[in-house]
Amino acid sequence: MGRGTVGDSFSWLDGNSEITYRLPDGQVQTYFLWLGEQADYQRPIRIYSQKGKPLFQGNYQKDGLFLFSDTGEIYFGEIEVSFNKDNPYENFQPSYYEMARIVTGDGVVSRGEGWSALLALLLFAMTAIDIRWPLLGFQLSHMWWVEDPQPTDLYIFCQRVSWVVMPGIGIVLLLISIW
């Protein structure tokens with residue numbers, strides 16, 4: 001981030017991060033995180049509100065599931081359950097642990113595989129060509145070896161089945177490329 005001042009007295013230095021949540025109800029919540037250098041599998045962390053109020057001070061462990069207070073106790077966070085059917089985001093409080101994961105990059109997930117999307121597009125293209133010119137594949141495979149070749153009924157049946165199966169496989173591959 002850079003140097004800056006939030007509120008009246010809270011200042012933060014280079015290397016700190018700002019996380020802003022924009023909720024569907026138009027509410028905006030901003031938090032500031034300070035992360036120290038990692039030592040003994042844990043990293044010191046401090047979380048502040050937008051106005052500079054300290055919200056949490058303790059340690060973050062990459063492979064753990066919780067934050068730890070300065071005394072070493074597991075911090076579960078403030079658990080509050082409320083429901084407002086008009087505005088379910090009225091008392092929204094994000095997880096401090098998830099904030100730490102986002103800031104450290106541990107919460108970044110790379111989804112999908114590019115190869116499966118490419119393979120799916122190749123299957124779609126092959127199917128489109130086969131539907132447009134149904135005898136092309138047959139003639140290319142037999143034109144040098146047989147005089148006046150004709151496909152059998154089994155060949156035509158299998159070709160039409162492939163017109164359904166190949167796009168189905170392509171759709172599955174596209175879904176894999178998304179997830």
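Helices and strands are runs assigned by DSSP, with at least four residues for a helix and at least two for a strand, and they are numbered from the N terminus. With that numbering, Asp 148 can be placed in the loop between α3 (136-142) and α4. The model described here is a predicted one.

## Overall layout

The protein contains four helices and eight strands. Along the sequence these elements follow the pattern β-β-β-β-β-β-β-β-α-α-α-α. The chain has 179 residues, and 26% of them count as buried. The accessible surface is about 13100 Å², and carbon and sulfur atoms account for 58% of that area. Contacts can also be sorted by distance along the sequence. Of the contacts between residues at least 6 apart in sequence, 43% join residues at least 24 apart.

## Four residues

The table lists four residues with their places and relative accessible areas.

| Residue | Place | Relative accessible area |
|---|---|---|
| Thr 20 | strand β3 (residues 17-22) | 28%, partly exposed |
| Ser 69 | strand β7 (residues 67-69) | 18%, buried |
| Asp 148 | loop between α3 (136-142) and α4 | 64%, exposed |
| Gln 159 | helix α4 (residues 153-178) | 9%, buried |

Ser 69 counts as buried because its relative accessible area, 18%, is under the cut-off of 20%. Leaving out residues up to four places away in sequence, Ser 69 touches Phe 56, Gln 57, Gly 58 and Asn 59. The side chain of Ser 69 also has a polar contact of 2.9 Å with the side chain of Thr 71.

Gln 159, in helix α4, is buried as well, with a value of 9%. Which residues does Gln 159 touch, not counting residues up to four places away in sequence? They are Asp 130 and Pro 134. With Pro 134 there is also a polar contact: the side chain of Gln 159 reaches the backbone oxygen of Pro 134 at 2.6 Å.

Thr 20 is partly exposed because its 28% lies between the cut-offs of 20% and 50%. Apart from neighbours within four places in sequence, Thr 20 is in contact with Val 28, Gln 29 and Thr 30. With Thr 30 the contact includes a polar one between the two side chains, at 3.4 Å. The C-alpha atoms of Thr 20 and Tyr 31 are 6.4 Å apart, while the two residues are separated by 11 residues along the chain.

Is Asp 148 buried or exposed? Asp 148 counts as exposed because its 64% is over the cut-off of 50%. The backbone of Asp 148 has a phi angle near 50 degrees, which is a positive value in a residue other than glycine.

## The second largest pocket

The second largest pocket holds about 170 Å³ of space. Its lining consists of Gln 29, Thr 30, Tyr 31, Ser 49, Gln 50, Leu 55, Phe 92, Gln 93 and Tyr 96. Which strand supplies the largest share of this lining? Strand β4 (residues 28-35) does, with three residues. By class, the lining has four nonpolar and five polar residues, and no charged ones.

The pocket can be linked to the account of Thr 20. Gln 29 and Thr 30 are among the lining residues, and both are in contact with Thr 20. Tyr 31 also lines the pocket, and the C-alpha atom of Tyr 31 is 6.4 Å from that of Thr 20.

Terms used:
Residues numbered from 1 in each chain as written. Predicted model: local features only at pLDDT ≥ 70, side-chain atom pairs only at ≥ 80, totals over all residues. Heavy atoms only, no water. Buried < 20%, exposed > 50% of the residue type's maximum accessible area, 1.4 Å probe, protein only. Contact = heavy atoms within 4.5 Å. Areas by Shrake-Rupley, 256 points an atom, 1.4 Å probe, with all protein chains shown as cover. 1 Å grid on protein atoms, 1.4 Å probe; cavity = no way out; pocket = protein on both sides within 12 Å on 5 of 7 lines; lining within 4 Å. Points joined across faces, edges and corners; volume = space filled by probe spheres on them. Nonpolar A, V, L, I, M, F, W, Y, C, P; charged D, E, K, R; others polar. Polar contact = N/O pair within 3.5 Å; in protein donor to acceptor, adjacent residues only side chain to side chain.
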